[in-house]
Structure formats: structure tokens, C-alpha cells
Amino acid sequence: MTIKKIELLRFGVPFETGGPRFGFRPGANDNPWTVKECLMVRIETEDGMEGWGESFGHLSNPSTMAMLENLIAPWFIGRDEADLEDLMEGANKAFFGFGRQGPCMYALSGIDIALWDLRAKRAGKPLYQLLGGPEGDVEITRYASLMRYGGDTEAVARNTARAADLGFPMVKLHERDMPSFMAAREAAPEGVAITLDVNCPWSVEDAVAIARELKQREHVKGGFLWLEEPVWPPEDFDGLAKVRAEGTGISGGENIGSAMEFSHAIQAGAFDILQPSIAKVGGVSVSKQVFEMGRAAGVRVVGHSFYWGPGYVATAHVLGAQPAPAAGQPHWLETAFIDYAENPHDLVDPFDPVMMLRADRPGLGFNPDMAHLQKYLIARAEISA
Ligand SMILES: [Mg+2]
């Protein structure tokens with residue numbers, strides 16, 4: 001069916017951190033981070049069907065929205081939604097010169113997710129079933145991804161203990177210092193995995209030294225499951241492979257822009273865990289491909305989804321379509337462990353370790369209450385013929 005209209009909706013929901021509040025990331029923005037944004041892409045077809053997608057994200061939203069409004073969305077108007085694969089290949093070939101990583105790919109990702117939502121709705125199935133998942137409902141296990149508390153070990157310990165008490169099987173920090181790492185490790189029982197996301201700060205040499213030190217702390221409740229993006233720049237796959245040789249699990253991939261780049265990372269032996277970000281890397285089409293590549297290479301995939309909109313829900317569906325990573329082991333869905341002014345929709349609950357995807361909800365099953373979300377609207381645009 002012909003794509004008639006594309007609507008862009010940028011929302012920001014206020015949240016509490018559960019500790020001190022900092023800017024988005026050291027060096028990026030020192031203004032305290034107070035609202036969690038979502039840039040939604042809504043595709044409407046000639047017969048009135050709608051598909052929902054999400055494009056990344058946070059501080060880049062004005063750029064991504066401009067890219068969508070002025071360049072990417074108009075290209076899709078008047079084309080047939082059913083030609084998903086051809087459309088995405090055509091759009092990628094048309095626009096690759098404007099960035100194989102960044103707002104151009106984020107924009108394409110949001111469109112791709114919305115097209116998959118539409119395709120699954122047309123098939124009358126939830127997306128996870130369309131992608132080969134089980135017939136019944138699917139239970140997804142969330143993991144708690146903590147805000148950055150800037151080395152406040154009390155806040156780290158308190159929030160880690162809270163997440164563990166709530167039943168989360170894994171807690172991820174966004175700290176960069178050993179006292180914070182150990183505060184989290186001590187605060188959670190041994191069966192709860194602790195992972196460390198440091199967001200690309202260190203030279204290979206410094207990261208090697210830290211990975212070695214983490215390995216030496218394994219006697220403390222089993223230590224740490226992974227160290228995420230330890231090296232600057234993030235695409236130094238050979239450097240990451242050297243860090244990985246120290247024996248602490250290394251994860252990364254949220255800053256990788258394509259399936260091809262993932263294959264280079266796998267060939268270099270950079271990662272124990274691959275983390276494609278569905279709203280950045282090319283949507284459902286590329287994300288599911290990375291799962292296949294990971295399976296073929298024996299590397300686990302745990303998607304990046306530090307967001308709350310259709311991209312977050314799509315991440316859960318792609319997970320729900322995969323075979324278990326190992327017998328009895330669940331897939332993990334990254335979920336920001338923050339207290340929203342109110343949960344933006346019924347598939348987000350940051351304090352519930354279980355998310356249910358229902359077999360009777362076609363597509364993403366993402367049915368936002370627009371009257372409810374209206375008060376969080378920051379910007380809106382509509383593209384049509
Ligand atoms: Mg990360």
C-alpha cells in the first residue's frame with residue numbers, strides 16, 4: 001500500500017535519576033539531563049494503517065529530525081510499503097554519502113522499524129512471530145541500565161541493590177572508576193551480573209591495565225560480566241581485541257553503523273558481546289542480521305536500547321524471535337533504570353524485570369495514548385505529497 005504521510009514526533013519525559021544528576025555525557029553537555037527524549041516516526045498508508053518507528057536519539061534529535069524531515073521521509077512518500085527490502089536498499093544507496101553512521105542512519109533506522117511494524121500488522125502477527133519467534137506470548141528479561149552517578153559510590157551501591165532486590169538478573173553501570181565498580185559488585189548478590197559501560201574513554205594501554213585489574217577482582221562474587229566500549233576510538237577493533245585478551249568480557253557495537261562494520265569487528269575478535277542499536281544501525285533489518293552473524297560466529301548479541309519508544313519495543317521483538325543464547329538462559333533487554341514522571345506507555349516499566357510480548361498484539365504492539373503523551377511533545381512535523 002502506498003505511503004501517504006510520515007509524521008515525526010519528538011517527546012521528552014521528565015525523570016528522576018535515583019541519585020545525583022549529571023549532563024548527558026562528560027564533555028558533551030554539562031546541563032543536567034532532565035528529560036528522556038524519544039523521536040518517533042509514524043508512517044501512514046493510503047488505507048489508514050500506521051507503522052511506528054524510532055530514530056536515535058538524545059542530543060542528536062534536532063539533527064536527526066531535520067534529516068528525516070528534509071531528506072529521508074520525502075523520499076518514501078508515494079512508495080509502496082510492501083517493498084521493504086527494496087525500499088531500504090534504495091534509500092541506503094541514495095543517501096549513503098550523508099553518513100553511514102549518525103543522523104542519516106538514525107533516520108533510516110526509524111523508517112525501517114516503522115515499515116516492519118506495518119508488515120507484521122498486515123500479516124496479523126506480532127513482529128517476533130514474523131521474524132521466526134514462538135507461537136505464544138514471549139517473556140523478555142529486562143536488565144537495569146543505571147544512570148551515570150559521576151563516581152558517587154553511595155548512589156551506585158543503593159541503586160544496584162535496589163535493582164537486584166527487584167529481581168533484575170543484571171545491572172549495568174555508567175561509571176569509570178574502580179571504587180564505583182566495586183561498590184556495585186559488593187552491593188549485589190553473586191548471581192546478579194554486573195557490567196561496566198564506560199563509553200569509550202581510554203587508550204588501549206590504559207584499557208588493558210583496567211581489564212587486567214578487573215580480572216584480578218573475579219574472586220569478589222565472580223567479578224564483572226563485561227566491560228563495554230573501553231577504548232577510544234570505538235572502531236579500534238584491533239585495540240579492543242588486545243584488551244579482550246586480558247580475559248574480561250568486552251562488549252560494544254552501539255556506535256557501529258552497519259552490518260559490514262560488525263563483520264569487521266567479528267573478524268578482528270574485538271568483542272565477546274555485540275550490541276547493535278536498532279534505532280541507529282539500520283532498524284530491524286540490520287539488527288536481526290547482526291543476531292545471525294553473532295550466532296554464526298559464536299558471539300552473543302545483547303542489543304543496545306537505552307531508549308523507551310518504538311525502538312525499545314522493536315529491540316524486544318527482535319530478541320523474542322531468537323533462540324535462547326544458551327539452555328535456560330534468557331535474552332536481555334537493556335532498560336534505563338530511571339523513574340519517569342509517568343511511564344510513557346504500557347510496554348515500559350523500568351522497575352519490572354519482566355516484559356511480556358503478547359501474541360494477540362500485531363506488529364510492535366505499540367499503541368501509544370497520544371492524548372496522554374501530548375504534554376511531553378517538544379516538536380512535530382508532517383511530511384506528505
Ligand atoms: Mg553503552
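**Exercise 1.** Determine which side chains of strand S13 (residues 354-357) are buried.

*Solution.* Strands are DSSP runs (E, at least two residues), numbered from the N terminus. A residue is buried if 20 or more other C-beta atoms, placed from the backbone, lie within 10 Å of its own. Along S13 the side chains alternate: Met 355 and Leu 357 point to one face and are buried, while Val 354 and Met 356 point to the other and are not.

The model is predicted: local features need pLDDT of at least 70, side-chain atom pairs count only at pLDDT 80 or more, and totals for chains, interfaces and linings use all residues. Residues are numbered from 1 along each chain as its sequence is written.

**Exercise 2.** Identify the residue of S13 that is the bridge partner of Ile 140.

*Solution.* Two strands pair if DSSP finds at least two bridges between them. Strand S4 (residues 138-145) and S13 run antiparallel and are joined by four bridges. The partner of Ile 140 in S13 is Met 355.

**Exercise 3.** Locate the largest nonpolar core relative to the two domains.

*Solution.* An automatic or database assignment sets the domain bounds: domain 1 is 3-124 + 369-384 and domain 2 is 129-357. A nonpolar core is a set of buried Ala, Val, Leu, Ile, Met, Phe, Trp, Tyr and Cys residues joined through C-beta atoms within 7 Å. Among the 110 residues of the largest core, Val 171 and Ala 184 touch the most other members. Helix H3 gives the most to this core, with twelve residues; helices are DSSP runs (H or I, at least four residues). Both domains give residues to this core, so it lies between them.

Notes
Buried ≥ 20, exposed ≤ 12 C-beta atoms within 10 Å, placed from the backbone.
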